[in-house]
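Reader: I would like a close look at one part of this model. Please take the sheet and what surrounds it, step by step.

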Amino acid sequence: MPVPSLRAIGSVQRGAPTFFTVDGVVISAFAGESVACALWAAGMRELRHSPRADLPRGMFCLMGSCQECLVWVGLRKLPSCQVPVSEGLAVETLPHRERPRG
Ligand code: FES
């Protein structure tokens with residue numbers, strides 16, 4: 001079932017429509033918006049699981065403080081709410097990057 005768009009409509013100024021990938025999946029976004037907001041609008045809420053309780057974690061503060069939204073961007077683990085979307089950006093969620101590969 002497709003997720004209904006949660007984007008505000010009306011007199012909102014946005015960057016150009018663009019695409020980036022998360023775990024190899026193409027996500028539509030607007031240039032300059034945060035990866036976290038683009039993922040939220042796309043219906044992706046879980047980015048990792050907590051190490052002790054194995055509970056789903058995702059965006060919380062949206063200002064870079066809580067670190068709940070960490071993702072891999074290249075060789076760096078960054079809060080997705082502080083990473084602007086740009087064309088060709090490749091993001092990996094922690095479970096995707098850190099799972100054992102055979
Ligand atoms: S949501 Fe808190 S650091 Fe990104």
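Author: Start with one bridge. V22 has V91 as its bridge partner in β7. The model is predicted, and that applies to each value below. The strands β1 and β7 run parallel where they pair, over 2 bridges. β7 covers residues 90-93.

Now widen the view. This pair belongs to an open sheet of 5 strands. The order is β2-β1-β7-β5-β6, and the pairing is mixed. β2 and β6 are the edge strands. Each has a single partner strand, so one side of each lacks a neighbour in the sheet. On average, neighbouring strands here are turned by 40° against each other, direction ignored.

Next, the core. The largest nonpolar core has 19 residues. Six of them touch the most other members: F20, V35, L39, V73, L89 and V91. V91, the bridge partner of V22, is thus named again in this group. Four elements give two or more residues to the core: β1 (17-22), β2 (25-30), α1 (35-41) and β5 (70-73). Of these, α1 gives the most, with 4 residues.

V35 deserves its own look. Residues up to four places away in sequence are set aside here. V35 then touches F20, S80, V83, V85, L89 and V91. Among these partners, F20, L89 and V91 are also in the group with the most core contacts.

Go to the edge strand β6, residues 76-79. P79 sits in this strand. P79 is buried because its relative accessible area is 13%, and the cut-off for buried is under 20%. With residues up to four places away left out, P79 touches Q67, C69 and L70. P79 and L62 are 17 residues apart along the chain. Their C-alpha atoms are separated by 8.8 Å.

Last, a helix. R97 lies in α2, residues 94-98. R97 has a relative accessibility of 25%. That value lies between the 20% and 50% limits, so R97 counts as partly exposed. Neighbours within four places in sequence aside, R97 is in contact with W72, G74 and E92. R97 and L78 are 19 residues apart in sequence. In space they are 13 Å apart, C-alpha to C-alpha.

Conventions: Residues numbered from 1 in each chain as written. Predicted model: local features only at pLDDT ≥ 70, side-chain atom pairs only at ≥ 80, totals over all residues. Heavy atoms only, no water. Buried < 20%, exposed > 50% of the residue type's maximum accessible area, 1.4 Å probe, protein only. Contact = heavy atoms within 4.5 Å. Core = buried A, V, L, I, M, F, W, Y, C linked by side-chain atoms within 4.5 Å. Pairing = 2+ DSSP bridges. Axes fitted to C-alpha atoms, helices over the stretch in contact; angles between N-to-C directions.
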